[in-house]
Protein chains: 2
Amino acid sequence: MNAKETPAAPEMGLRERKKLRTMETIRREAYRLFAAQGYEATTVDQIADAAEVSPSTFFRYFPTKEDVVLDDDYDDTLAAALRSRPPGEPVIESLRHGLADSLGRQLEADREDLLLRTRLGFTDPALRARSWDEMQRSQDVVAALICERTGRDPGDLDAHCAAAALIAVSTAVVRYWVEHDGKVDLVPLYDRQFAQLAAGLRL
Amino acid sequence: MNAKETPAAPEMGLRERKKLRTMETIRREAYRLFAAQGYEATTVDQIADAAEVSPSTFFRYFPTKEDVVLDDDYDDTLAAALRSRPPGEPVIESLRHGLADSLGRQLEADREDLLLRTRLGFTDPALRARSWDEMQRSQDVVAALICERTGRDPGDLDAHCAAAALIAVSTAVVRYWVEHDGKVDLVPLYDRQFAQLAAGLRL
DNA sequence: TCCCTCATGGGAGTCTACTGTCATTATCCA
DNA sequence: TGGATAATGACAGTAGACTCCCATGAGGGA
């Protein structure tokens, strides 16, 4: 998921403001096309056309087509959110709050955009690899937190499995949210499913 | 993961035996090259060369390069394994046995091959999308089983979250196995981690 | 205002997955 | 053994991602 671009600080010149605008336009048009036709079916030329730039310019802004859709710092956000929780708290609680916080903020800011991007991540084959990577990274962040708090060494299997379960559940919740067009409230869903996990999945 | 090809039933003619052998050769050489240079870096021409066929022939056997690495029926196997368990059993138990069975069989048959393919699925960016899909399908199979056994409707979030957690844990276990070069015993790891899940991840 | 820098467009070119066609060669069957 | 059938190879061709290069024109500083 993409961090929102810092919107045109006043102290920068026309040149840089134009560059920012161009980048935003390219990204916006790309997402629009991806949503309408799928990622693979959308060519760089189409994106460039829609954004009214040349294909050369597209590649000056984004080294590859995939990069249009990349978000490097989601797990940093998550890590930060987690670190702000009291160290004595059960990990599952920290994560519940951490996710609610970071997602909540994004939801208020960009609801439609978030929904669109998340849906793309689930539905478009070529983008699922990306989502998987993000999931893995989040999982590693959570595993690291667990190890840190409980004094295990970083490769500990228990920690990684717990992290995997937690992240998988939150992903499943988000998937449910996407499949219901964002018309359900995320946070109570999280609460319930995390509680189920803590209770040991009696099924 | 690919099902092992049924190895040349005696009743088929030379033609078909040759076809099977060609297909196996292509796949084997492809995996060898993927392991050595990565998936993206390996071209179809290289695979064809290594398998001593023309590129045309490659595409006659595999519609796309990705298909070389595809396994359509892993989740069928899983579903079958699950269905063979007594319906009264807790789902977590069924899955534990189902996975141990199906994996156990593959382990005895193709240990090295399985390790190689699984590792590729984790490490190669372009193949991770595949792995994700397989995970999702397995997850849906498990979710379906849960719904079936507990009389929920198929979209039920509780069921999907439970399935997600279970599959995520088994994936994490397999990942650990791969990262330790297959030198640890899978089954006891499964047992322990599933037990942790059932106990509610007290961390 | 003048010059410098830098974003841009255009075009030519590469690489690789993938398609389609046709002649050749190997198996199969009567 | 001979004719039908099926597998193959060679070749030409398309499409799309990505690179390189060069001319042009729009900001920006003096």
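**Exercise 1. Locate A:His160 in this predicted model, and decide whether the residue is buried or exposed.**

*Solution.*
Step 1. A:His160 belongs to helix α7 of chain A, which covers residues 157-179.
Step 2. The relative accessibility of A:His160 is 16%. Buried means under 20%, so A:His160 counts as buried.
Step 3. Residues up to four places away in sequence are set aside when the neighbours are listed. Within chain A, A:His160 then touches A:Gln139, A:Asp140, A:Ala143, A:Pro154 and A:Gly155. From chain B, B:Ala172 and B:Arg175 are also touched by A:His160.

**Exercise 2. Describe the contact between chain B and chain A: how many residues take part, and what area is buried?**

*Solution.*
Step 1. On the side of chain B, 42 residues are in contact, and they meet 42 residues of chain A.
Step 2. The two chains bury about 3,500 Å² between them. Carbon and sulfur atoms account for 65% of this area.
Step 3. Polar and charged pairs are counted next. Ten residue pairs are in polar contact between chain B and chain A, both residues being at pLDDT 80 or more.
Step 4. On chain B, the elements that give two or more residues to the side touching chain A are α5 (91-123), α6 (125-150), α7 (157-179) and α8 (186-199). The largest share, 15 residues, comes from α7(B).
Step 5. By residue class, this side of chain B divides into 25 nonpolar, nine polar and eight charged residues.

**Exercise 3. Follow the salt bridges of A:Arg175: which residues pair with the side chain of A:Arg175?**

*Solution.*
Step 1. Side chains of opposite charge can pair when their charged atoms come close.
Step 2. Across the two chains, A:Arg175 meets B:Asp140 in a salt bridge with an N to O distance of 3.5 Å. The count of salt bridges between chain B and chain A is six.
Step 3. Within chain A, A:Arg175 forms a salt bridge with A:Glu179, and the closest N and O atoms are 3.3 Å apart. Both residues lie in helix α7 of chain A, four residues apart, about one turn of the helix.
Step 4. The accessibilities of the two partners are then read. A:Arg175 has a relative accessibility of 15% and therefore counts as buried, whereas A:Glu179, at 52%, counts as exposed.
Step 5. Elsewhere, a network of salt bridges links A:Arg152, A:Asp156 and A:Asp158 with B:Arg192. Over all chains, a search of the whole structure finds 26 salt bridges.

**Exercise 4. Examine Glu29 in each chain: which arginine does A:Glu29 pair with, and which does B:Glu29 pair with?**

*Solution.*
Step 1. In chain A, A:Glu29 forms a salt bridge with A:Arg32, with the closest N and O atoms 2.6 Å apart. Helix α1 (residues 14-37) of chain A holds both residues, three residues apart, about one turn of the helix.
Step 2. A:Glu29 is buried, with a relative accessible area of 12%. A:Arg32 counts as partly exposed at 47%.
Step 3. In chain B, a salt bridge joins B:Glu29 to B:Arg28, and the closest N and O atoms are 3.9 Å apart. B:Glu29 counts as buried at 12% relative accessibility.

**Exercise 5. Where does A:Glu52 lie, and what is the sign of phi in this residue?**

*Solution.*
Step 1. A:Glu52 lies in the loop between α2 (44-51) and α3 (55-61) of chain A.
Step 2. Phi of A:Glu52 is positive, about 55°, although the residue is not a glycine. At 73% relative accessibility, A:Glu52 counts as exposed.
Step 3. In chain B, B:Glu52 lies in the loop between α2 (44-51) and α3 (55-61). Its phi is near 55°, again a positive value in a residue other than glycine, and B:Glu52 is exposed with a relative accessible area of 74%.
Step 4. The record is consulted for this stretch. An unreviewed UniProt entry annotates residues 43-62 of chain A as "DNA-binding region". The end C-alpha atoms of this span lie 14 Å apart, and the span is 75% helix and 0% strand.

**Exercise 6. Summarise the fold of chain A: how many helices and strands are there?**

*Solution.*
Step 1. Chain A has eight helices and zero strands.
Step 2. The C-alpha atoms of chain A fill a box of roughly 55 × 40 × 30 Å along the principal axes.
Step 3. Of the 203 residues of chain A, 51% count as buried.
Step 4. Among contacts in chain A with a separation of 6 or more, 63% come from residues 24 or more positions apart.

Note on methods
Residues numbered from 1 in each chain as written. Chains lettered and ligands numbered in written order. Predicted model: local features only at pLDDT ≥ 70, side-chain atom pairs only at ≥ 80, totals over all residues. Heavy atoms only, no water. Contact = heavy atoms within 4.5 Å. Buried area = accessible area lost by both parts, 1.4 Å probe. Salt bridge = Lys/Arg side-chain N within 4 Å of Asp/Glu carboxyl O. Polar contact = N/O pair within 3.5 Å; in protein donor to acceptor, adjacent residues only side chain to side chain. Nonpolar A, V, L, I, M, F, W, Y, C, P; charged D, E, K, R; others polar. Buried < 20%, exposed > 50% of the residue type's maximum accessible area, 1.4 Å probe, protein only. UniProt positions renumbered as here; feature names shortened; annotations may be inferred.
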